[in-house]
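Trainee: I'd like to learn how to read a model like this one feature by feature. Can you walk me through it?

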Amino acid sequence: HQKKEAARNDALCDGVQALLRDRIIQGYNEYSEKGYCPIYAKDNVKRLYKPYTELGVDDVITELVGKLLQMPTEKH
């Protein structure tokens with residue numbers, strides 16, 4: 001029973017991490033096309049990234065988040 005519960009917990013964590021990862025990538029793609037990222041969107045990415053990293057680290061996502069946070073906040 002404990003093995004099944006642990007496997008289920010692992011699957012839930014993996015699923016949540018995958019959803020967070022997907023949303024971060026979608027945000028990065030959207031705003032990199034626009035060439036800017038509004039403050040509210042940067043805040044949202046920070047809120048997605050925090051639990052994402054608590055579930056495990058992915059250098060690709062860390063790099064994307066860093067690039068997104070360095071974007072200007074307004075269209076030029």
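**Reading the fold, contact by contact**

Mentor: Sure, let's start with one residue. Setting aside neighbours within four places in sequence, Gln-17 is in contact with Tyr-52, Leu-55 and Gly-56. Keep in mind that this is a predicted model.

Trainee: Where does Gln-17 lie, and is it buried or exposed?

Mentor: Gln-17 lies in helix H1. The idea with burial is to take the relative accessible area and hold it against a cut-off: under 20% is buried. Gln-17 has 17%, so it is buried.

Trainee: And its partner Tyr-52, is that buried or exposed?

Mentor: Tyr-52 has a relative accessibility of 1%, so it counts as buried.

Trainee: Next, the core. Which residues have the most contacts inside the largest nonpolar core?

Mentor: The general idea comes first. In soluble globular proteins, nonpolar side chains tend to be buried together. Here, the largest nonpolar core has 14 residues, and those with the most contacts inside it are Ile-24, Cys-37 and Ile-61. At least two residues of this core come from each of helix H1 (2–34), helix H2 (39–54) and helix H3 (59–70).

Trainee: Let me zoom in on Ile-24. What does it touch?

Mentor: Not counting residues up to four places away in sequence, Ile-24 touches Leu-48, Tyr-49, Tyr-52, Ile-61 and Val-65.

Trainee: Two tyrosines there. How many aromatic pairs does a search of the whole structure find?

Mentor: The search finds 1 aromatic pair. To classify a pair, you look at the distance between ring centres and the angle between ring planes, with planes under 30 degrees apart counting as stacked. The rings of Tyr-49 and Tyr-52 have centres 6.5 Å apart and planes at 20°, so this pair is stacked.

Trainee: How are Tyr-49 and Tyr-52 placed in helix H2?

Mentor: They are 3 residues apart in helix H2, so about one helical turn separates them.

Trainee: Now the cysteines. How many disulfides does the structure hold?

Mentor: You'd check for a pair of cysteine sulfur atoms within 2.5 Å. The structure holds 0 disulfides. Burial is a separate check: Cys-37 has a relative accessibility of 0%, so it counts as buried, while Cys-13 has 28%, so it counts as partly exposed.

Trainee: On to helix packing. At what angle do the axes of H1 and H3 cross?

Mentor: For a helix pair, look at how far apart the axes come, the angle and the handedness. The axes of H1 and H3 come within 10 Å and cross at roughly 35°, and the crossing is left-handed.

Trainee: Which residues in H1 and H3 meet?

Mentor: From H1 you have Arg-21, Ile-24, Ile-25, Gly-27 and Tyr-28, which meet Val-60, Ile-61, Leu-64, Val-65, Lys-67 and Leu-68 in H3.

Trainee: Can I compare separation along the chain with separation in space?

Mentor: Yes, just put the two numbers side by side. Ser-32, in helix H1, is 36 residues from Leu-68 along the chain, and their C-alpha atoms are separated by 7.3 Å. Gln-26, also found in helix H1, is 13 residues from Cys-13 in sequence, with 20 Å between the C-alpha atoms.

Trainee: Are Ser-32 and Gln-26 buried, exposed or partly exposed?

Mentor: Ser-32 is partly exposed at 32% relative accessible area. Gln-26 is partly exposed too, at 40%.

Trainee: Which residues can we pick out in the loops?

Mentor: Take Pro-38, found in the loop between H1 and H2, and Val-57, which lies in the loop between H2 and H3. A loop position doesn't settle burial, so read the area each time. Pro-38 has 12% relative accessibility and counts as buried, whereas Val-57 is exposed at 66%.

Trainee: What is Pro-38 in contact with?

Mentor: Leaving aside neighbours within four places in sequence, Pro-38 is in contact with Tyr-31 and Thr-73. The C-alpha atoms of Pro-38 and Leu-69 are 9.6 Å apart, with their positions 31 residues apart in sequence.

Trainee: And how far is Val-57 from Leu-12?

Mentor: Their C-alpha atoms are separated by 17 Å, and the two are 45 residues apart along the chain.

Conventions. Residues numbered from 1 in each chain as written. Predicted model: local features only at pLDDT ≥ 70, side-chain atom pairs only at ≥ 80, totals over all residues. Heavy atoms only, no water. Core = buried A, V, L, I, M, F, W, Y, C linked by side-chain atoms within 4.5 Å. Buried < 20%, exposed > 50% of the residue type's maximum accessible area, 1.4 Å probe, protein only. Helix = DSSP H or I, 4+ residues; strand = E, 2+ residues; numbered from the N terminus. Contact = heavy atoms within 4.5 Å. Phe/Tyr/Trp six-rings, centres within 6.5 Å; stacked < 30°, edge-to-face > 60°. Axes fitted to C-alpha atoms, helices over the stretch in contact; angles between N-to-C directions. Left-handed = near helix turned anticlockwise from the far one by under 90°.
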